[in-house]
Amino acid sequence: MNPVSAPFIRPYGTNDLGSVIAILRSNIPKYFFPTEEEELRVYLSQHSDDYFVLELGGEIVGAGGIALNSDGTISLCWGMVRNDLIGTGLGKRMALYRMDMARLKWGDRSFFTSTSHHTEGFYKKLGFKTFEHTPNGFGPGIDICKMRLEPINQWDRRVSPESPV
C-alpha cells in the first residue's frame, strides 16, 4: 500500500469541521437526520478535545469521539465514516482506536453507545450488547439501540489450570 494512502487517525482540529460535516451529510438520511447537523456542530464546539478524524490519502473520511459519562461509563460519540467507505474496515479501525484512547485516558471501564438499528450489528461484532431498543427513537425509520460493552477483566486472560498450554 502506498504510504500516502495508509489510514491515519489524529486529533480533530477546528479546520476539520467542514470535512466532518460532509461525512455526516453523506450518511443522511439512512444513518442521520438533517437536523442532527446542528447538534454535531454544538458537540464539536464543546468537546473537540476528545474527537478524532481518520484521514485516507490526505482526505478526512471518518470521525468520532469519546466522553466520560457521570456514571463512570465511556461513550463513543458521533462516530461515522463517509458513506461510500462503509464496510471497508475503516469504521472498525476508528472504533477500536477510540476505545484504546478512552482506556488510556480513563482506564478500563464499560463502554456505552446509543446507535441506530442500522449500525447495531457493527457494534455487536465488537462485543457490545443491546440493552434497550426504541423503535423510531431517533425519528421516523431510525430506531435507537442502546448498547454496552463491559470492561476487559485482566484476570480473564489468565491461562486456566485446565488449559493444556
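The following paragraphs describe the largest pocket of this predicted model, then helix α3 and the residue D50.

Rolling a probe the size of a water molecule over the atoms shows where empty space is left. In this structure, the largest pocket holds about 1,000 Å³ of space. Its lining is made up of 37 residues, and those nearest the centre of the pocket are G79, M80, T115, T119 and Y123. Two or more lining residues are given by each of α2 (36-47), β4 (74-81), α3 (90-106), β5 (111-116) and α4 (120-125). Of these contributions, that of β4 is the largest share, at 7 residues. By character, the lining of the largest pocket comprises 18 nonpolar, 14 polar and 5 charged residues.

Helix α3 is among the elements that line this pocket. The helix has 17 residues, so at 1.5 Å a residue it should span 24 Å; the end C-alpha atoms of α3 are 24 Å apart, in agreement with that expectation. Within α3, the residues L90, M94, A95, R98, M99, A102 and W106 are buried. After the helix comes G107, which has a positive phi, near 90°.

The end of α3 also leads to D50, since W106 and K105 are in contact with D50. This aspartate is located in the loop between α2 and β2 (51-56). Is D50 buried or exposed? Because its relative accessible area is 17%, which is under the 20% cut-off, D50 counts as buried. With neighbours within four places in sequence left aside, the contacts of D50 also include G64, G65 and I66.

Key:
Residues numbered from 1 in each chain as written. Predicted model: local features only at pLDDT ≥ 70, side-chain atom pairs only at ≥ 80, totals over all residues. Heavy atoms only, no water. 1 Å grid on protein atoms, 1.4 Å probe; cavity = no way out; pocket = protein on both sides within 12 Å on 5 of 7 lines; lining within 4 Å. Points joined across faces, edges and corners; volume = space filled by probe spheres on them. Helix = DSSP H or I, 4+ residues; strand = E, 2+ residues; numbered from the N terminus. Nonpolar A, V, L, I, M, F, W, Y, C, P; charged D, E, K, R; others polar. Buried < 20%, exposed > 50% of the residue type's maximum accessible area, 1.4 Å probe, protein only. Contact = heavy atoms within 4.5 Å. Expected span 1.5 Å × (residues − 1).
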